[in-house]
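Let's walk through a couple of helices together and look at how they sit against their surroundings. Have the viewer open as you read.

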Amino acid sequence: MDNLSGIKHIICVASGKGGVGKSTTAINLSVALQQQGFAVGLLDADIYGPSQPMMLGVTSGTRPEIVDKQFMKPVMAHGLATNSIGYLVDMATAMVWRAPMIVGAFNQLLKQTLWGDLDFLIIDMPPGTGDIQLSLTQSARVTGAVIVTTPQDIALLDARKGMEMFRKVNVPILGVVENMAVHICSNCGHAEAIFGAGGGEQLAHSYGVEVIGSLPLDLSIREHTDAGVPILISRPQGAVADAYRALCERLLVELSQLGQQQAPQIQITDD
């Protein structure tokens, strides 16, 4: 049984390092696509540090339903078909596993989940450029990768390594997302680029790709993520939600420009 055959597009949301908001970006991008009417799955590929169950508000102790003793039905959350090692082990458990066990667990999550027919499977990749990244590109048809970074130099250095890795394995880079690009003071409205400015643009330009998203450093994103309700659902109106919708729309444009036969039609709504 090929459980990936019904998936039109596999999109990696990746970064060179942790702490840049990759998982939050992956969740809100998935919700934005789902709100456009697409069937969307979300796979948490971070075996060492799964965060999606908490961010999705999935009740502790929730387990995927097992079919024929080997396949898993995805856990539905906010309209998304999801799976994560965090559903299978206690969230406090330290995964003290060597690389072959980590890769084996990832491949089971990817290939033994009954994803069904999806327009998109968004994969929240672990930080870095290690075994899981290589295993995925060798075992599945990946449509492309989105690279998430913050503007400061150290994050850009690691993001560049991620872009080099995807380029070497012939996975198209669909664009760069500059996260925490600007902070707007809630008291006075002053805009400040706390982590610097222009870094994402420079990185994208050096690889001949576009910045497809510029996301703010905003307290509400953290609050709603910690509460397990993505901000596109909990606060759909406002500048923050608009920024994630703009990212979604730019991603669809980049996909259409790939010239793939099954590229989805862009559907932009006013709500």
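Before we start, a cut-off: a residue counts as exposed when its relative accessible area is over 50%, and as buried when that value is under 20%. Keep in mind, too, that this is a predicted model.

With that in hand, go to helix α6, which spans residues 199-206. Pointing away from its buried side you'll find E201, Q202 and H205, which are exposed. And which residues of α6 are buried? Those are G199, G200, L203 and A204. They sit on the same side of the helix, because together they cover an arc of only 125° around the axis. The general rule behind this kind of pattern is simple: an α-helix has 3.6 residues a turn, so residues three or four places apart point the same way.

So what lies over that buried side? The cover includes the strands β8 (144-149), β9 (173-178) and β12 (211-214), along with helix α5 (153-168). Step just past the end of α6 and you reach G208, whose phi is positive, at about 70°.

Now swing over to another pair of helices. α3 (residues 99-111) packs against α4 (residues 131-139) with the axes 10 Å apart and an angle of about 45° between them. That angle is why the two helices count as oblique to each other, and their crossing is right-handed. On the α3 side, the contact is made by A99, I102, V103, F106, N107, L110 and K111, while α4 brings D131, I132, S135, L136 and S139. Sorted by type, the residues of this contact come out as seven nonpolar, three polar and two charged.

Methods
Residues are numbered from 1 along each chain as its sequence is written. This is a predicted model: local features need pLDDT of at least 70, side-chain atom pairs count only at pLDDT 80 or more; totals for chains, interfaces and linings use all residues. Side-chain values use heavy atoms; hydrogens and water are left out. Buried means under 20% relative accessible area, exposed over 50%, partly exposed in between (1.4 Å probe, protein chains only). Helices (H or I, at least four residues) and strands (E, at least two) are DSSP runs, numbered from the N terminus. The arc is that of the directions from the helix axis to the C-beta atoms. Contact means heavy atoms within 4.5 Å. Axes are lines fitted to C-alpha atoms, for helices over the stretch in contact, and angles run from 0 to 180 degrees between N-to-C directions. Angles under 35 degrees count as roughly parallel, over 145 as roughly antiparallel, 65 to 115 as roughly perpendicular and the rest as oblique. A crossing is left-handed if the near helix is turned anticlockwise from the far one by less than a right angle, and right-handed if clockwise. Ala, Val, Leu, Ile, Met, Phe, Trp, Tyr, Cys and Pro count as nonpolar, Asp, Glu, Lys and Arg as charged, and the others, Gly among them, as polar.
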